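Student: May we go through a protein structure together? I would like to practise reading one.
Tutor: Certainly; please have a look at it first.

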Amino acid sequence: MTDNAILTRTIGGSGISASVVGLGTWAIGGWMWGGTDERQSIAAIQASIDAGISLIDTAPAYGMGLAETIVGKAIAGRRDKVVLVTKCGLVWHVNEGAYFFHQDGKPVHRYLGAASIRYEVEESLKRLGTDYIDHYVTHWQDATTPIAETVGALVRLKEEGKIRSIGASNVSPGDLEAYIATGALDGIQEEYSMVKRDIETTLLPLCRKNAVSVLSYSSLALGLLSGKVGPERVFAEDDQRHGNPRFSQANRQKIARLMGVLEPVAAAHGASVAQVVIAWTIAQPGITFSLCGARDPDQAVENAAAARLRLTESELALIRAGVAEHLGGARYLIM
């Protein structure tokens, strides 16, 4: 692969610059991913930083604080090299807002009340072993709390230096407009990949018009686009991909044909198919960053190298045609 510099971009109007490829730590929390190995997870985070990745994304809900705790251990002594993203709004310390799911026997609610956010940020700071968070994101939206109230609480935290920029995740177009109206939004975090592109017509135009960054998650579609999940792969029962319609045999056959389009592009760059998929993602109009999970150092280093990969216009056109042909031109393969 060409030894280009790690590509960086800025989060909205915050002035905070970060690597375009970020390390997502949902899997490191273990929940819905068949458990976790703390030692290996710490090694993966540190390998990612050593490979030039500065953007590290986590959340309290990833293992009920476990992912944040592991990230905190991994970045000890390296905090100045990290642009740290974490979240608020999925709570188990109060039964307010709207019930969402159970985890570890506890009900988790979507709740973004001001007092709750203040409690959450302090808990996250403790687990992460830091006194500030670079980008603080409302994880899921809470219909019981006005967005203006939520943003007001976040602005106060920013004024106090506890957070440096403000984000929202899993928003509707109406939610996004309400956040933009506050003048305080720097970025949104949304699912986006070759197999799920619906935000191209809903959220991305609004973000581009208002200089709001987009941190895309599940760029590899839970591994479906990694080039390593063939039609024969079997998933454990506690793995969220077990029984997931997106991983049906029919869909995996479509993806296998798409991989045939990507493989020559990967070979031309001395890259993996997964690296090409990530590079394609960050080359899409309106997509600012790509968050990619890794559970071991090898995966982390492979993903990091995608931030050095520059696809040509002809390669992007070839891939676009392949996606249209093999995925039927739909905005998403399956939810």
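Tutor: We shall discuss a pocket, some salt bridges and a few individual residues of this predicted model.

Student: Let's start with the pocket. How much space lies in the second largest pocket?
Tutor: The second largest pocket holds about 250 Å³ of space.

Student: And which residues lie nearest its centre?
Tutor: The lining of the second largest pocket has 14 residues, and those nearest its centre are Tyr192, Glu200, Gln284, Pro285 and Arg320.

Student: Which helix gives the largest share of that lining?
Tutor: That is α10, with four residues. Helix α10 covers residues 313–326, and both α10 and α6 (204–209) supply at least two lining residues.

Student: What kinds of residues are in the lining of this pocket?
Tutor: Eight of the lining residues are nonpolar, two are polar and four are charged.

Student: Changing topic: how many salt bridges does the count come to?
Tutor: The count comes to 13 salt bridges. One of them joins the side chains of Glu38 and Lys73, with N and O 2.8 Å apart.

Student: Why does that pair tie together separate parts?
Tutor: Glu38 belongs to helix α1 (residues 38–50) and Lys73 to helix α2, so the salt bridge ties together parts that are 35 residues apart in sequence.

Student: How accessible are the two residues?
Tutor: Glu38 is partly exposed, with a relative accessible area of 32%. Lys73 is also partly exposed, at 43% relative accessibility.

Student: What about Lys87 and Asp57, are they buried or exposed?
Tutor: Both Lys87 and Asp57 are buried. Their side chains meet in a salt bridge of 2.9 Å, N to O. This pair links distant parts of the chain, as Lys87 is in strand β5 (residues 83–88) and Asp57 is in strand β4, 30 residues apart.

Student: Which residue forms a salt bridge with Glu302?
Tutor: Lys228 does, and the closest N and O atoms are 3.0 Å apart. Lys228 is in the loop between β12 and α7 (249–269) while Glu302 is in helix α9 (residues 297–305), so parts that are 74 residues apart in sequence are tied together. Glu302 is buried, at 18% relative accessibility.

Student: Which residues are linked in a network of salt bridges?
Tutor: Arg79, Asp134 and Arg164 are linked in such a network.

Student: Now Asp186. Where is it found?
Tutor: Asp186 is in the loop between α5 (173–182) and β11 (187–191). Asp186 is buried but has no salt bridge, and Lys158, the nearest side chain of opposite charge, is 4.1 Å away.

Student: Why does 4.1 Å not qualify?
Tutor: A salt bridge requires the nitrogen and the oxygen to be within 4 Å, so Lys158 at 4.1 Å does not form one with Asp186.

Student: Then which backbone nitrogens does the Asp186 side chain reach?
Tutor: The side chain of Asp186 reaches the backbone nitrogen of Gly13 at 3.3 Å, and that of Ser14 at 3.4 Å.

Student: One last topic: what sign does phi have in most residues other than glycine?
Tutor: In most of them phi is negative. Met64, however, has a positive phi near 50°, and Ala211 has a positive phi near 55°.

Student: Where are these two, and are they buried or exposed?
Tutor: Met64 is in the loop between β4 (55–57) and α2 (66–75), and Met64 is buried, with a relative accessible area of 16%. Ala211 is in the loop between α6 and β12 (213–217), and Ala211 counts as exposed at 56% relative accessibility.

How values were computed. Residues numbered from 1 in each chain as written. Predicted model: local features only at pLDDT ≥ 70, side-chain atom pairs only at ≥ 80, totals over all residues. Heavy atoms only, no water. 1 Å grid on protein atoms, 1.4 Å probe; cavity = no way out; pocket = protein on both sides within 12 Å on 5 of 7 lines; lining within 4 Å. Points joined across faces, edges and corners; volume = space filled by probe spheres on them. Nonpolar A, V, L, I, M, F, W, Y, C, P; charged D, E, K, R; others polar. Buried < 20%, exposed > 50% of the residue type's maximum accessible area, 1.4 Å probe, protein only. Lys, Arg positive; Asp, Glu negative; His and termini not counted. Polar contact = N/O pair within 3.5 Å; in protein donor to acceptor, adjacent residues only side chain to side chain.
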